[in-house]
Amino acid sequence: MEKKQFKAESKRLLDMMIHSVYSNREIFLRELISNASDAIDKIYYKALTDESLTFDKDRYYIKIIPNKENRTLTVLDTGIGMTEEELEHNLGTIAKSGSLAFKQQNEMKDGHDIIGQFGVGFYSAFMVADEVTVRSKALGSGKAFEWVSQGADGYTIKPCDKTDVGTEIILKLKENTEDENFDDYLEEHRLKAIIKKYSDFIRYPIKMTVTEMKPKEGSDNEFEEVKEEQVINSMVPIWRKNKSELKQEDYENFYREKRYGFDKPLKHIHIQVDGTIRYNAILFIPETIPFDYYTKEYEKGLELYSNGVLIMEKCPDLLPDYFSFVKGMVDSEDLSLNISREMLQQDRQLKVIAKNIKNKIKKELENLLKHDRAKYETFYRSFGRQLKFGVYNEFGQDKDVLQDLLMFYSSKEKKWVTLDEYVSRMPEDQQYIYYATGETHERIDKLPQTELIAEKGYEILYFTEDVDEFAIKMLKSYKDKEFKSVASGDLGIEEDDNETAETEAKENKALFDYMKEVLSGKVKDVRASKRLKTHPVCFSTEGEVSIEMEKVLNAMPNADQQQIKADKILELNVHHDVFRSLKATFAQDKEKAKLYTNILYNQAVLIEGLSVEDPVAFTNDICQLMVQT
Ligand SMILES: Nc1ncnc2c1ncn2[C@@H]1O[C@H](COP(=O)(O)OP(=O)(O)OP(=O)(O)O)[C@@H](O)[C@H]1O
């Protein structure tokens, strides 16, 4: 029999297909199953317009038949089949898609389900097979034909015996190599896993005979191997079902089956868009943080399907980083895939979908915040930190999207509040949104710096996470109200008694200068405090870097080289007994005043949660004081 040659370009193309287009061999099965599904779809579409044809769903299926003895894997379908010419045209010419032609010829309005478009998927079979045999009988044709090829050197076509309409593709698997065990593709569990992974939502049953251990009849403890034909795929993608048909538990089951997480999702979002770009998506907001969430290992992304066929397990471009906790999938008919269906070409459609998804997630979170505060707080406890990173990252470019989703603990309400709630109840004379930083709410409650603000009756937001202050610096203001730390040098509060303050500063100038000298370089200034009411001493800061930021920045790798320092002001409560004692000592005994200065300085250091530079010297100072008194 004459061997026909692939076209010259086709030879090269075939070589490329086998060696370079796909990075993952297992997808050959996805491609063959997709072709089989297309072939059944074609009968379905024909039946829509041809009255002599009926489409009885039960007669249409795909079957996977591994044969260990012969080392063959067969993919069989009861689809439209191929005539001799079609075998020649569609399989003899690489990059010629009979499916694409079918779509065009039939001008199908709702024919988007047909998967094939490039005319190359079939050849992925040669990644696992030395020889591929296609036996096919076309609908309406009395004869069947067999196409056989060993790859690059061409193919043969001859008549064959086949009674049923449809196609059978028989792969003679390659010999095993050191790197690859092709026998794997004969194992039921492996085949099942590949089908589930890529082709679970093919609309026709994918059948396979599977071996299972079942209890022996009449015996309680004896088991036997039973072979039975099973349908491997779930067929109906829940995202294509009408939302009204689906219950909460259907979504929860889907979340569990897909292994998106071990928790129960807090919320699901089902999107069905039928506009210029059509897509369906089911998204989930998890309740608990995945164990690796705040690590580099965590990979964000949504599953991406094209026509129900899995294209990518984690498509990162579908989610902004700040919503990286969202799990779920997107299915669209309108994606421009590249031929391997592995990567997407720079894709306008994908960008549009990603943008829609982002807006939808934001809206759902806002709804949750508005209508189910307790649930939102659960969410926020897990992922609020990520939202704050989102505000800070990329120089604050996403701050407008995220600012209304932020919450901070409030000194007054003793619970989490939003910025909007804070601003809406600010007294008229209050100019700034005040915040205080510290390790825990309890520690911040006791901070000396908060005394004046609290006395004024202003609310303070508590920042306990390292990212908080950085995010807020990026935000700068909310609804025209700027943020101010309770430790900032200027609190922006109108002085009732400016004269007294000036006199106090003048009166104590010599003492303050002396203290500054003793603390040489450790503080920028020593001042009489306006904010302290009952405590003797604290730090405030000037400039951009706060003490909290100093801590965070210096805890980073390579921090040694940077050594970022906040400009600290040592503030003293001049109405406190301790100050009176200090002043009297300064008048009589400079050495003792030095001791007092060091102790007061280190007290301020401890209040801030900073570490005392020389703990031994500090304890010695205290001991010395105890001996003297
Ligand atoms: N099982 C089948 N039954 C009927 N026709 C088939 C079958 N498999 C392949 N064909 C025909 O062969 C053509 C080429 O198949 P191939 O998988 O290479 O490309 P495709 O499915 O059209 O596109 P893609 O590369 O996007 O998958 C198909 O378009 C189809 O016309």
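Two strands pair if DSSP finds at least two bridges between them. The exercises below use that rule on a predicted model.

**Exercise 1. A hairpin**

Determine how strand 9 and strand 10 are joined, and which residue of strand 10 stands opposite Val273.

*Solution.*
1. Take the ranges: strand 9 covers residues 267–274 and strand 10 covers residues 278–285.
2. Count the bridges. There are eight, and the strands run antiparallel.
3. Look at the link. Three residues lie between strand 9 and strand 10, and the two strands form a hairpin.
4. Pick out the partner. Tyr279 of strand 10 stands opposite Val273.

**Exercise 2. A three-stranded sheet**

Work out the strand order of the open sheet and name its edge strands.

*Solution.*
1. Write the order: 20-22-21, with mixed pairing.
2. Find the edges. Strand 20 (525–528) and strand 21 (537–542) each pair on one side only.
3. Add the twist. Neighbouring strands are turned by 35° against each other on average, direction ignored.
4. Inspect one pair. Strand 21 and strand 22 (residues 567–572) pair in the antiparallel sense, over six bridges.
5. Name a bridge there: Phe539 has Leu570 of strand 22 as its partner.

**Exercise 3. Two partners of helix 19**

Describe how helix 18 and helix 15 each pack with helix 19.

*Solution.*
1. Start with helix 18 (residues 577–588). Its axis comes within 6 Å of that of helix 19 (residues 590–607), and the axes cross at roughly 145°.
2. List the contact. Helix 18 brings Leu582, Thr585 and Phe586; helix 19 brings Lys592, Ala593 and Tyr596.
3. Sort these residues: four nonpolar, one polar and one charged.
4. Turn to helix 15 (residues 509–518). It packs with helix 19 at about 70°, with the axes 10 Å apart.
5. Classify the angle. Angles of 65 to 115 degrees count as roughly perpendicular, so helix 15 and helix 19 are roughly perpendicular to each other.
6. Give the hand: helix 15 passes helix 19 in a right-handed crossing.
7. List the contact. Tyr514, Met515 and Val518 of helix 15 meet Ala593, Lys594, Thr597 and Asn598 of helix 19.
8. Sort the contact of helix 15 with helix 19: four nonpolar, two polar and one charged.

**Exercise 4. The ligand shell**

Find which element gives the most residues to the shell around the ligand.

*Solution.*
1. Count the shell: 24 residues surround the ligand, the closest being Asn90, Ser97, Gly98, Gly116 and Gly121.
2. Keep the elements that give two or more residues: helix 2 (27–49), helix 3 (84–92) and helix 4 (98–106).
3. Choose among them. Helix 2 gives the most, with four residues.
4. Sort the shell by class: 10 nonpolar, 12 polar and two charged.

Definitions and conventions
Residues numbered from 1 in each chain as written. Predicted model: local features only at pLDDT ≥ 70, side-chain atom pairs only at ≥ 80, totals over all residues. Near = placed C-beta within 6 Å. Nonpolar A, V, L, I, M, F, W, Y, C, P; charged D, E, K, R; others polar. Axes fitted to C-alpha atoms, helices over the stretch in contact; angles between N-to-C directions. Contact = placed C-beta atoms within 7 Å. Parallel < 35°, antiparallel > 145°, perpendicular 65-115°, else oblique. Left-handed = near helix turned anticlockwise from the far one by under 90°.
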